[in-house]
Amino acid sequence: MSAPVVRAFGSRAVLAVAAVLALAPVLFLVSLSLRGVDDISNGGWLPTRVRWDNWPAAFDTVPLARMLANSWLIALGATLLTVLVAVPTAYLTARGGRRGQRLYSVLLAAYCAPPVIAVLPLYFLLKSVLGLALVDGLANVPVAVWLLDGFVRRVPRELEEAGWVDGLSVVAGVRRVVLPLVLPGLVAASLVCFFLAYNEFLFAVSFAQSPSAQPLTVGLSLFQGDRTVQFGQQAAASLVAIVPVYLLAVAAQRLLIGGLSQGAVK
Amino acid sequence: MPLWLAVPAVVSLLVIAGYPTVVGIALAFTNSSLARPLRSFAGFDNFVAAAESVAFAGSLLRSAVFAVLATALSVVAGVAAAVALDARGGRFGLLGTVLLLPMVTPPVSVGVAWKLLLAPVGGAFTGLWDALGIAGFNPLGSGVGAFSTLLVMHAWQWTPLVTLLVYAALLGVPAELREAAALDGAGWLRTLRSVVGPQVAPSVLAVAVLELVIAFKVFDLIVVVTSGGPGVSTTVASFEVFRTAFRGSFEVGTAAAETLLLGLVVGVVLAVAGLVTRRVRDADR
């Protein structure tokens, strides 16, 4: 066999293994969620008989519907806040010369610190649930700025300058010239921040202590019976959390990949 | 440029970094409870308590080891997948999206999925363990086993980030460079090592630093999968700080002292990583 054939075969083999590894744990959850107690303890990958009762049972055991709604509210609120802060900030870091660079560095440094450092002080500040979207939103600002900065940099300065000559203020220029051009990046950054806020656990488990306000991540962590009886329900509940983000990721695939890979590594 | 554009950024930084640092330092040097913070000055008592806590002292090292090994694992696997994607040619497409899915999975669900996958009863590998003569094998049963399993779970989630960013960097390598190498008689592997490799090295290093940062934050997985056990074998620093502050005795002052020490360790590791990155980058020029 010639070298290119070996290479083509080898690369496909590596990718096939990677795809199986990426999907296997979640597919196993699907299988578990469709099996009865005996079927689960017999082991194996596939259900011997498909049954759906784990799904309604999971919604009865913990208030999953409520938690799913909480997760979405928190993630949407947080993302909105992140975007509102990140747009002017990314404009500054990309166009603000040395001061902008410094702001960029400080933001990245803030992102590097383990978030557990902020938990105690913020606990004293908030002690409430309303703050969760606020904290998640602000905590994701460095990520959004990091992604957006590269997009703003690629907007030709001349376009903005032409706008200024036509009498636009700097802020109006950002809104009417820069923003439309960085829209793909903005959508990608919003998606990433939505995922981060939706998946967030540390702040959620610290601040959202009343069950009615807990997002799904906290609910799932409480859903911990070591008995096999609960496996099917646990699997179903985990999938309730996973399905929306997977659908969103697949639907917005191109934007997400473009936004992450273009903005990030410079 | 209107300066007030910086107001949102400054307010955010104050809330997520400035205020926590100031209050953290204040808490670390005082006696506090969750109900009544900052009761009286405590000098270095909280730091002494942190140093004397067996669980915490070891957890700093465990966090650093976890971060370094998880980074190594994800970078190696992610670069391999990116090179394979690049060699396959064509679009990122559906396959690429499948490879990215672990990254958007809620870490709590990742923990549940893997825990069920590896369960000694009802798990996916019980048949395999039986066949190997180790029936009832539980990878989470021993300290080393649990730590390694968590490393694999974390790498499962964060390898896709490496794949994506390194693949993007590979696409950025000018085609002329590869063609020139081919004309000079270099094979695929030789071109990869001597021409493409140096081109994407800065991106790989940048991703590695990012992975290091993310691995230091690991918390959800520990809570869901092991709760820091067996013993303290998987008690990483962020988990131990959280436990000191909120579970058990609510030792707020000690927890604050611990967060400062953790911040210091993370800072040192990242500074070393930054130094290495700069060395490599400068050596290229």
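Me: Two residues are in contact if their C-beta atoms, placed from the backbone, lie within 7 Å. Which helices do the buried residues of α5(B) pack against?

Reply: Keep in mind that this is a predicted model. Helix α5 covers residues 107–117 of chain B. Partners come from two chains: the buried residues of α5(B) pack against α7 (143–171) and α10 (220–225) of chain B, together with four helices of chain A, namely α1, α11 (183–199), α13 (216–222) and α14 (231–251).

Me: How many residues of α5(B) are buried?

Reply: A residue is buried if 20 or more other C-beta atoms lie within 10 Å of its own. The buried residues of α5(B) include B:Pro107, B:Trp114, B:Lys115 and B:Leu117. The helix is largely enclosed by the rest of the structure, because the count of buried residues is 11 of the 11.

Me: Which residue of α7(A) is missing from its buried set?

Reply: Helix α7 of chain A covers residues 131–139, and 8 of its 9 residues are buried. The buried ones are A:Leu132, A:Ala133, A:Leu134, A:Val135, A:Asp136, A:Gly137, A:Leu138 and A:Ala139. That leaves residue 131.

Me: Is B:Leu5 buried, exposed or partly exposed?

Reply: B:Leu5 sits in the segment before α1 of chain B. A residue needs 20 or more neighbours to be buried, and 12 or fewer make it exposed. B:Leu5 has 18 C-beta neighbours inside 10 Å, so it counts as partly exposed.

Me: Which residues does B:Leu5 touch beyond its neighbours within four places in sequence?

Reply: Set those sequence neighbours aside. The partners of B:Leu5 then carry the letter of chain A. They are A:Pro88, A:Tyr91 and A:Leu92.

Me: How many residues does each chain give to the contact between chains A and B, and which helix of chain A gives the most?

Reply: Chain A contributes 73 residues and chain B contributes 77 residues. On the side of chain A that touches chain B, there are 56 nonpolar, 15 polar and 2 charged residues. One helix there, with 15 residues, gives the most: α1 (residues 3–33) of chain A.

Me: Are α14(A) and α4(B) parallel, perpendicular or oblique to each other?

Reply: Helix α4 of chain B covers residues 93–104, and its axis comes within 10 Å of that of α14(A). The two axes cross at roughly 140°. Angles over 145 degrees would count as roughly antiparallel, and 65 to 115 as roughly perpendicular. The pair is therefore oblique.

Me: What classes of residue make the contact of α14(A) with α4(B)?

Reply: α14(A) uses A:Val245, A:Tyr246, A:Ala249 and A:Val250. α4(B) uses B:Thr97, B:Leu100, B:Leu101 and B:Val104. By class, that comes to 7 nonpolar, 1 polar and no charged.

Me: Within chain A, how are α4(A) and α8(A) arranged?

Reply: Helix α4 (residues 64–95) packs on helix α8 (residues 141–153) with the axes 8 Å apart. The angle between them is about 50°. The crossing is right-handed. That angle makes α4(A), relative to α8(A), oblique.

Me: How many charged residues take part in the contact of α4(A) with α8(A)?

Reply: Among the residues of α4(A) in this contact are A:Thr82, A:Tyr91 and A:Arg95. α8(A) brings residues including A:Asp149 and A:Arg153. The contact has 11 nonpolar and 3 polar residues, and the number of charged ones is 3.

Me: How many helices and strands does chain B have?

Reply: Read along the sequence, chain B goes α-β-β-α-α-α-α-α-α-α-α-α-α-α. Its C-alpha trace spans about 75 × 70 × 30 Å along the principal axes. The total is 12 helices and 2 strands.

Me: What share of chain A is buried?

Reply: Chain A has 15 helices and 0 strands. Its C-alpha atoms fill a box of roughly 75 × 65 × 30 Å. Of its 266 residues, the buried share is 46%.

Me: How far apart are the centres of the two domains of chain B?

Reply: The domain assignment gives domain 1 (1–43) and domain 2 (55–284). Their contact takes 11 residues from domain 1 and 7 residues from domain 2. On the domain 1 side, α1(B) supplies the largest share, 4 residues. The C-alpha centres of the two domains are separated by 31 Å.

Notes. Residues are numbered from 1 along each chain as its sequence is written. Chains are lettered from A and ligands numbered from 1 in the order in which they are written. This is a predicted model: local features need pLDDT of at least 70, side-chain atom pairs count only at pLDDT 80 or more; totals for chains, interfaces and linings use all residues. Ala, Val, Leu, Ile, Met, Phe, Trp, Tyr, Cys and Pro count as nonpolar, Asp, Glu, Lys and Arg as charged, and the others, Gly among them, as polar. Domain bounds come from an automatic or database domain assignment. Axes are lines fitted to C-alpha atoms, for helices over the stretch in contact, and angles run from 0 to 180 degrees between N-to-C directions. Angles under 35 degrees count as roughly parallel, over 145 as roughly antiparallel, 65 to 115 as roughly perpendicular and the rest as oblique. A crossing is left-handed if the near helix is turned anticlockwise from the far one by less than a right angle, and right-handed if clockwise.
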